[in-house]
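I opened my notebook to look up pockets, the ligand and one serine. Here is what I wrote down, in the order I went through it.

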Amino acid sequence: MTRLLMAAVVGLATALPAAAQFQKPEDAIKYRQSAFTVMANHLGRVGAMAQGRAPFDAKVAADNTAIVSTMSMLPFHAFVPGSDKGAPNRAKAEVWSDGAKFKAAAEKMQAEVAKLDAAAKGGNLDAIKGAMGAVGGACKACHDDFRAERYSN
Ligand code: ASC
């Protein structure tokens with residue numbers, strides 16, 4: 001995806017009222033799960049390099065962290081009220097009952113991802129490893145508090 005197109009996607013995602021984007025709770029659930037899936041896939045490619053399971057290629061790393069950075073902005077608009085049910089999902093009730101904490105956890109992840117993206121643009125594998133650890137920690141912290149073990153609907 002070109003940077004311009006990504007900017008357009010993010011612009012749309014942030015400009016429109018969240019409710020207007022989803023006709024049914026199921027649509028919001030599908031959207032956020034898809035965004036997390038794509039984000040995790042591209043983060044995994046960088047993680048493989050950080051852990052020595054894939055050869056380090058600075059350009060590939062930076063291309064992937066740019067995608068992760070864009071994707072990190074998208075899921076949170078889709079936790080709309082009423083979308084705790086409608087399709088199997090793992091969002092805990094606390095997503096909505098403790099929205100401020102959930103927002104802070106999302107913003108922490110986004111900030112660590114931005115640092116990872118900056119590190120990848122710098123091309124230094126050790127810096128990428130350090131930033132990757134912080135990103136993983138931010139993912140885990142949010143999962144611990146806001147993601148259920150099992151799917152429900
Ligand atoms: C990933 C991924 C996650 C997080 C988490 C960190 O790469 O897909 O969900 O990191 O495993 O603890």
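**Pockets first**

I started with the largest pocket, and its volume came out at about 600 Å³. This is a predicted model, so I kept that in mind for everything below. I then asked which residues sit closest to the centre of the largest pocket. Of the 29 lining residues, these are Arg32, Phe36, Phe79, His143 and Arg147.

Next I looked at the elements behind that lining. Those giving two or more residues to it are α3 (25-50), β1 (89-91), α6 (99-122), α7 (125-146) and β2 (147-152). Helix α3 gives the most, with 9 residues. I also sorted the lining of the largest pocket by character: 21 residues are nonpolar, 5 polar and 3 charged.

**The second pocket**

I moved on to the second largest pocket, which holds about 260 Å³ of space. I counted 12 residues in its lining, and those nearest its centre are Phe76, His77, Phe79, Phe102 and Lys103. Phe79 had already turned up among the residues closest to the centre of the largest pocket, so I marked that name in my notes.

Which element supplies the largest share of this second lining? I found that α6 does, with 6 residues. By character, the lining of the second largest pocket splits into 7 nonpolar, 3 polar and 2 charged residues.

**Around the ligand**

Then I turned to the ligand and listed the residues around it: Ala40, Leu43, Gly136, Cys139, Lys140 and His143. I noted that the protein covers 56% of the 310 Å² of accessible area that the ligand has on its own. His143 is also one of the residues closest to the centre of the largest pocket.

I checked Gly136 for a contact through its backbone, and a backbone N or O atom of this glycine lies 3.4 Å from an oxygen atom of the ligand.

Two helices, α3 and α7, each supply at least two residues of the shell. Helix α7 gives the most to the shell, with 4 residues. I sorted the shell as well, and it divides into 3 nonpolar residues, 2 polar and 1 charged.

**One serine to finish**

My last stop was Ser152, which I found in strand β2. Is Ser152 buried, partly exposed or exposed? Its relative accessible area is 44%, and because partly exposed covers the range between 20% and 50%, Ser152 counts as partly exposed. I also looked up its distance to Asp84: the two residues are 68 apart along the chain, and their C-alpha atoms are separated by 9.2 Å.

Conventions:
Residues numbered from 1 in each chain as written. Predicted model: local features only at pLDDT ≥ 70, side-chain atom pairs only at ≥ 80, totals over all residues. Heavy atoms only, no water. 1 Å grid on protein atoms, 1.4 Å probe; cavity = no way out; pocket = protein on both sides within 12 Å on 5 of 7 lines; lining within 4 Å. Points joined across faces, edges and corners; volume = space filled by probe spheres on them. Nonpolar A, V, L, I, M, F, W, Y, C, P; charged D, E, K, R; others polar. Near = heavy atom within 4 Å. Polar contact = N/O pair within 3.5 Å; in protein donor to acceptor, adjacent residues only side chain to side chain. Areas by Shrake-Rupley, 256 points an atom, 1.4 Å probe, with all protein chains shown as cover. Buried < 20%, exposed > 50% of the residue type's maximum accessible area, 1.4 Å probe, protein only.
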